[in-house]
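The following paragraphs guide a new reader through one protein chain, from its overall form to individual side chains. Please keep the sequence and the model in view while reading.

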Amino acid sequence: MSQARHGTVWVVISFLLAFIVSMLPLPATLNLLRPVFVLLVLIYWVIALPHRYGIVTAFLVGLALDVMTGKMLGMNALLMSLIAYFSARYYSRIRMFTRPMQAFYVLLMTGLALLGQIWIENAVHPVAIRSSYWLPALSSGAAWFFVFPLLRAYRRRLHIS
């Protein structure tokens, strides 16, 4: 039991670090390229430990992200829950993907989340978007090449299972 708690604390810390990195101030041009770190960390934990982290975790993390960013309450919770569902449903296949294929999967899921945000926000009030709106999806796919080995080493070093 304490082993499970031990691992949970480290996973929570990884999410907190992702929240902090997401909130760090950056110049406007770099801010457009900021990967969606919270989503990357969520996808990693769902495909690495699908028996422990899934839709409920995604909902709670998405709710925290909604509160932190001041967006419509429940929007990110819903979108992250959907992404966690797909990731948990197909985790064994995703694990077998090569790293570039996993990065493409992350790109697609991030694009899906961004599309969902536009769709939900447009339902409330019209929102104009630029082509740069989609850059976080590309940068998240690229960041997967660094985030995945980093989180895997973190999980193995701390014996999180």
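Of the contacts in the chain with a separation of 6 or more, what percentage is accounted for by residues 24 or more positions apart? The share is 69%. This figure, like every other one here, comes from a predicted model.

The overall architecture may be taken up next. The chain contains eight helices and zero strands, and its pattern along the sequence reads α-α-α-α-α-α-α-α. Its radius of gyration is 15 Å, close to the 15 Å that the globule rule gives for 161 residues, so the chain is as compact as a globular protein of that length. Along the principal axes, the C-alpha atoms fill a box of roughly 50 × 30 × 30 Å. Of the 161 residues, 40% count as buried.

Annotation adds a further layer. An unreviewed UniProt entry places the feature "transmembrane region" at residues 6-24, 36-61, 103-120 and 132-151. In the model, residues 103-120 are 100% helix, with end C-alpha atoms 25 Å apart. Residues 132-151 are 85% helix and 0% strand, and the end C-alpha atoms of that span lie 28 Å apart.

The interior can now be considered. The largest nonpolar core has 35 residues, and those with the most contacts inside it are Phe15, Ile43, Trp45, Met80 and Trp144. At least two residues of this core come from each of helix H1 (2-23), H3, H4, H5, H7 and helix H8 (135-157). The most is given by H3, with eleven residues.

Helix H5 shows how one element is set among others. This helix covers residues 75-89 and has 15 residues; from its first C-alpha to its last it reaches 21 Å, close to the 21 Å expected at 1.5 Å a residue. Among its buried residues are Met75, Leu79, Met80, Ile83 and Ser87. The cover over the buried residues of H5 includes helix H3 (37-48), helix H4 (55-69), helix H6 (91-96) and helix H7 (99-124). An α-helix has 3.6 residues a turn, so residues three or four places apart point the same way. Leaving aside residues up to four places away in sequence, Met80 touches Val38, Leu39, Leu42, Ala58, Val61, Gly62 and Leu65.

The aromatic side chains offer another route through the model. The count of aromatic pairs comes to seven. The rings of Tyr85 and Phe86 have centres 5.6 Å apart and planes at 65°, over the 60 degrees required, so this pair is edge-to-face. Tyr85 counts as partly exposed because its relative accessibility is 39%, and Phe86 is likewise partly exposed, with a relative accessible area of 32%. The pair formed by Trp144 and Phe148 is tilted, at 5.4 Å centre to centre and 40° between the planes. These two residues are separated by about one helical turn because they are four residues apart in helix H8. Trp144 is buried, with a relative accessible area of 1%, and Phe148 is buried as well, at 11%. Ring pairs also link Trp144 and Phe148 into a cluster with Tyr44, Trp45, Tyr53 and Tyr154.

A final residue returns to this aromatic pair. Is Gln102, in helix H7, buried or exposed? Gln102 counts as buried because its relative accessibility is 4%. Apart from residues up to four places away in sequence, Gln102 touches Trp144 and Phe148, together with Ile94, Arg95 and Phe97.

Definitions and conventions. Residues are numbered from 1 along each chain as its sequence is written. This is a predicted model: local features need pLDDT of at least 70, side-chain atom pairs count only at pLDDT 80 or more; totals for chains, interfaces and linings use all residues. Side-chain values use heavy atoms; hydrogens and water are left out. The expected span of a helix is 1.5 Å times one less than its number of residues. Buried means under 20% relative accessible area, exposed over 50%, partly exposed in between (1.4 Å probe, protein chains only). Contact means heavy atoms within 4.5 Å. UniProt positions are given in the numbering used here, feature names are shortened, and annotations may be inferred rather than shown by experiment. A nonpolar core is a set of buried Ala, Val, Leu, Ile, Met, Phe, Trp, Tyr and Cys residues joined through side-chain atoms within 4.5 Å. Rings of Phe, Tyr and Trp (its six-membered ring) pair if their centres lie within 6.5 Å; planes under 30 degrees apart count as stacked, over 60 as edge-to-face and the rest as tilted. The radius of gyration is taken over C-alpha atoms; the globule rule is 2.2 Å times the number of residues to the power 0.38.
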